[in-house]
Amino acid sequence: MRPSFLALPVLALALGAACSDSDSGGPDESAGGSAEEFCGDFQDLEERYAEDVDADPEVVLDELDALEPPDDIADDYQQLIDALRETNTLDPASEEDVARAQEIAEETQEANENVSTFLAEECEIDTSAGP
């Protein structure tokens, strides 16, 4: 299983991004994509952005949002994308925003676990590793 450099920021713990000193229209959930297609598309994006530290987070989120996850994770995946969009607007210097980022991380914990498990088991992407 290879580690995912994109999966960690995608799969929440946006808390880390929102709280560190460094720096919606979604997919048609009723249609759902195939697991194989989703895994391939996700891996393609991962490879494209793995080393691009200057990538615009909104562009990356737009591309991730355009993926069509399978029905069994579609709701959880969209919840994570929406959460990441919100945390992307938060100011890590604001105590209120840091508190909101923590709430978001807690609110999306189950979705994060579900999508992480899917990526690990179906796509063979290790979501426990970061950049």
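**Note on helix H7 and the nonpolar core**

1. Directly after H7 comes Glu124, which has a positive phi, near 55°. The model is a predicted one, and the angle is to be read as a value computed from it.

2. H7 itself has 14 residues. From its first C-alpha to its last, the helix reaches 20 Å, close to the 20 Å expected at 1.5 Å a residue.

3. The buried residues of H7 are Ala111, Asn112, Val115, Ser116, Phe118 and Leu119. Viewed down the axis of H7, these buried positions fall within an arc of 160°, so they line one face of the helix. Glu110 and Glu121, on the other side of H7, are exposed.

4. Which helices each supply at least two residues of the largest nonpolar core? That core has 21 residues, and those with the most contacts inside it are Phe38, Phe42, Leu64, Leu67, Tyr77 and Leu119. The helices in question are H3 (35–49), H4 (57–66), H5 (71–87) and H7 (109–122). Leu119 thus appears both among the buried residues of H7 and among those with the most contacts inside the core.

5. Asp75 is a residue of helix H5. Is Asp75 buried or exposed? Its relative accessibility is 55%, and exposed means over 50%, so Asp75 counts as exposed.

6. A last point links H5 and H7. Asp75, in H5, and Val115, one of the buried residues of H7, are 40 residues apart in sequence. In space, the C-alpha atoms of Asp75 and Val115 are 9.8 Å apart.

Terms used
Residues numbered from 1 in each chain as written. Predicted model: local features only at pLDDT ≥ 70, side-chain atom pairs only at ≥ 80, totals over all residues. Heavy atoms only, no water. Core = buried A, V, L, I, M, F, W, Y, C linked by side-chain atoms within 4.5 Å. Buried < 20%, exposed > 50% of the residue type's maximum accessible area, 1.4 Å probe, protein only. Helix = DSSP H or I, 4+ residues; strand = E, 2+ residues; numbered from the N terminus. Expected span 1.5 Å × (residues − 1). Arc of directions from axis to C-beta.
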